[in-house]
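Dear colleague,

I am passing on the structure we spoke about, and I would be glad if you could look through it alongside the notes below.

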Amino acid sequence: MGLVDSFTAVVRVERHLFALVDTDPEREEPFSRIPDNSAFLAHEGSVVVASDLEDQRARVRLELWDSPPDAPSGQAFTSMGDPSSVSFESERIQLVSLMQEPQADEYELTGAGPYWVRVWAGPQEEDPQEELDAYRLFERFVIQLWM
């Protein structure tokens, strides 16, 4: 029991938003409903995340668990809300920007779900190597999925 798999990606956040989506082209528009700032909303094959920073290159880790996970270790992560249920009918998911541009490779799940999802946010950090001022600050997010 525990962590089954994980992957990380740098995700472009636009107007506070990014999403984890089912790659099924028949799914509802993921940004048809959006959460309040510093929250997430699971609906119709998508998990939409609203960050504190309007524009950034967020560091996102997706974790797949075989049981309810504990809080992420290593940094001061804060829960963005209670666990919610979401199904991914195509069994393939992907991180996307507000313009629905892929931000990472597709990931194949072991089943359609339903899954439980919880999102955690870390404190804002600064990347001194970043040339664009708009992207100098960033946040870290952990998205946990389990059946």
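**Around Glu91**

Setting aside neighbours within four places in sequence, Glu91 is in contact with Tyr107, Glu108, Leu109, Thr110, Gly111 and Ala112. Please keep in mind throughout that this is a predicted model. Glu91 sits in the loop between strand E7 (84-86) and E8, and because its relative accessible area is 29%, above the 20% under which a residue would be called buried and not over the 50% needed for exposed, Glu91 counts as partly exposed. Phe18, by comparison, is 73 residues from Glu91 in sequence, and the C-alpha atoms of the two are 20 Å apart in space.

**The five-stranded sheet**

Just after Glu91 in the chain comes strand E8, which covers residues 92-97 and is mostly covered, with five of its six residues buried. E8 belongs to an open sheet of five strands, paired in the antiparallel sense and ordered E3-E4-E2-E8-E9. The edges of this sheet are formed by strand E3 (39-43) and strand E9 (107-108), each of which pairs on one side only.

On one side of E8 lies strand E2 (residues 17-22), which runs antiparallel to E8 and is joined to it by five bridges; within this pairing, Asp22 has Ile93 of E8 as its bridge partner. On the other side, E8 and E9 pair in the antiparallel sense over two bridges, and here Ile93 has Tyr107 of E9 as its bridge partner. Ile93 is thus a bridge partner of Asp22 and also of Tyr107, and Tyr107 is in turn one of the residues in contact with Glu91.

At the other end of the order, E3 is joined by five bridges to strand E4 (residues 46-50), and the two run antiparallel. One of the pairs in this part of the sheet is formed by Ala39 and its bridge partner in E4, Ala50.

**Two loop residues with positive phi**

Two residues in loops may deserve a look when you examine the backbone. His16, in the loop between strand E1 (3-13) and E2, has a positive phi of about 75° although it is not a glycine. Gln100, which lies in the loop between E8 and E9, likewise has a positive phi, near 65°, in a residue other than glycine. Gln100 counts as partly exposed, because its relative accessibility is 31%.

**The chain as a whole**

The chain has zero helices and 13 strands. Its C-alpha trace spans about 40 × 35 × 25 Å along the principal axes. How does the radius of gyration of the chain agree with that of a compact globule of 147 residues? Such a globule would have a radius of gyration near 15 Å, and the chain has 14 Å, which means that the two agree.

Buried residues make up 47% of the 147 residues, and the accessible surface comes to about 7,500 Å², of which 45% belongs to carbon and sulfur atoms. Among contacts between residues at least 6 apart in sequence, 73% join residues at least 24 apart. As for charge, the chain has 11 positive and 29 negative side chains, and the centres of these two sets lie 4 Å apart.

With best wishes

Technical notes
Residues numbered from 1 in each chain as written. Predicted model: local features only at pLDDT ≥ 70, side-chain atom pairs only at ≥ 80, totals over all residues. Heavy atoms only, no water. Pairing = 2+ DSSP bridges. Helix = DSSP H or I, 4+ residues; strand = E, 2+ residues; numbered from the N terminus. Buried < 20%, exposed > 50% of the residue type's maximum accessible area, 1.4 Å probe, protein only. Rg over C-alpha atoms; globule rule 2.2 N^0.38 Å. Contact = heavy atoms within 4.5 Å. Areas by Shrake-Rupley, 256 points an atom, 1.4 Å probe, with all protein chains shown as cover. Lys, Arg positive; Asp, Glu negative; His and termini not counted. Charge placed at Lys NZ, Arg CZ, Asp CG, Glu CD.
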